[in-house]
Protein chains: 2
Amino acid sequence: MRGENAPPSWARLPGARCRAVEHLTKLEGLKEFELFEGIDEGFFQALAISAEVLELGAGTALYREGEPSGAVYFVREGRAKLYRSVGGPKARDQILGVVGDGSVLGLGAALEGRPQSHGATALTDCVLYAVFRDDLFDVMGRFPAGAVRLNRVLAARARELEDLVGDLVFRSAPQRVARMLLNLATEEGRVTKRGVVFEPSLSRQEMAEATGISREALSRALSRLAQEDILDLDGKTITILQPAELRSRT
Amino acid sequence: MRGENAPPSWARLPGARCRAVEHLTKLEGLKEFELFEGIDEGFFQALAISAEVLELGAGTALYREGEPSGAVYFVREGRAKLYRSVGGPKARDQILGVVGDGSVLGLGAALEGRPQSHGATALTDCVLYAVFRDDLFDVMGRFPAGAVRLNRVLAARARELEDLVGDLVFRSAPQRVARMLLNLATEEGRVTKRGVVFEPSLSRQEMAEATGISREALSRALSRLAQEDILDLDGKTITILQPAELRSRT
DNA sequence: CTGGTGATTTGATCCAGATCACGCAGCGCG
DNA sequence: CGCGCTGCGTGATCTGGATCAAATCACCAG
């Protein structure tokens, strides 16, 4: 049925597996998306009928840059990174953004009918609803109100990318590190009396890629902040001891 | 600002002036937008009724970063730059993109109902169709097929921004200069037997801002290319003598 | 405990590109 | 005319962060 489409990369990956789930479950999950608040019931049903539930193990790729768009993915649970790569001798990645539940992946490529402009990989175990392009267009045609809402996803992405460009161009490495930490903290941190504690879903390497600097530079920036008692580094967990001070270094 | 419709900045700017134009003219103009190919006639009429024709002199600002979204602008003629700024002692701009006719400005902010995330300024004299937010939402509600098309604009913008991030992070200054020249050439160049000739709509300063480097570095990069007979610089006009060579420096 | 493998830190250089400083050309204007 | 102003080119420094090199740490299998 979807024979013309090359199988999306998740279908070929060991970490991913499809699960049969009853209809109602999926429908309920979709209704939780803030994005679709106030949208007609029929839209959810139509989407739910088309959706495949997808469990993606941490670290497995959902799609890669340049790959033809097979589907869009509604993130129900977990966190994923979007990134760009360069090959060649000195291969590198740049993280474009980290998205959590309630977001949508692969939408731009699906709507434009062009190859993916970035790769997407699960940072934690994820639960996604995959909707194939054909089905998406079908549902969009039948429930335009829902389709129009999808605009917001792209508007938000564009805004975030503009922010990223601004950071890369205008701010120094230490400033970007500070911002990255604050972002991670608001996403993943628990507030305690010592400060904001979290165990980042990003490795040091990935933090560097998100910040647009080398792993070594990131390491140095962190140690520096620890030395100044703004951070506490203990194994994998990071505590922001002086959030205000960190913010002032932005 | 007072009320929900604070006057958009163009209304306060000397270079801008509104023109009374008959209905049919505007409608014809809108139908030329490739973006809306195949869309129902009613959509154009509804948009045309709401649209104001706006003439914007070269160099005048359409909207600024942080300003509340008043309207969206359909670019009928001319070229405009989108940019980010930092204030402070060492104020700088970074050009996020240059758009020409057939594109739409200010859409993200309008849809999100948030302040503009970037500024927009005319590079050349422009003719725009301005549609106020309220009117836009009204038309989108009545003609969802057209509304859904708008997401292509945002998808394209997001893709372009991803490209920009990739360039900034992965490529060296000379490589970015080469790309910028090639982009300008395809947009604005005439092919002659000597090579591709154009008189850029961007000043040197702006070329530097688009490339993410200093004016001096841009100047040097250009002279270098001229020295190697890849470019010819003559006053304001640039001729790309060896497009292939330039492309290989990407 | 022992060795191995990968991630992280630390330390020591290097260099692309920013910054600073200056000269020069055009251009409107009293 | 001379004056200031803005935009552009070019040379001379300076430096943030990349890169190279090596040590340390964490974790696991045996």
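**Exercise 1.** Explain why the largest pocket lies between domain 1 (9–168) and domain 2 (171–248) of chain A.

*Solution.* Both domains give residues to the lining of the largest pocket, so it lies between them; the domain bounds come from an automatic or database domain assignment. On a 1 Å grid over the protein atoms alone, a pocket is an open set of points where a 1.4 Å probe fits, with protein on both sides within 12 Å along at least five of seven lines, and lining residues have an atom within 4 Å of a point. The model is predicted, and totals for linings use all residues. Residues are numbered from 1 along each chain as its sequence is written.

**Exercise 2.** Describe the space and lining of the largest pocket.

*Solution.* First, the space is about 1,400 Å³, taken as that filled by probe spheres set on the points. Next, 43 residues line this pocket, and Gly97(A), Val98(A), Val99(A), Glu160(A) and Glu187(A) are the closest to its centre. Finally, helix 5 of chain A gives the most, with 10 residues; helices are DSSP runs (H or I, at least four residues) numbered from the N terminus.

**Exercise 3.** Describe the second largest pocket in the same steps.

*Solution.* First, the volume is about 1,200 Å³. Next, the lining has 34 residues, with Gly97(B), Val98(B), Val99(B), Glu160(B) and Glu187(B) nearest the centre of the pocket. Helix 5 of chain B supplies the largest share, 9 residues. Finally, domain 1 (9–168) and domain 2 (171–248) of chain B each contribute at least three residues to this lining.

Technical notes: Chains lettered and ligands numbered in written order. Predicted model: local features only at pLDDT ≥ 70, side-chain atom pairs only at ≥ 80, totals over all residues. Heavy atoms only, no water. Helix = DSSP H or I, 4+ residues; strand = E, 2+ residues; numbered from the N terminus.
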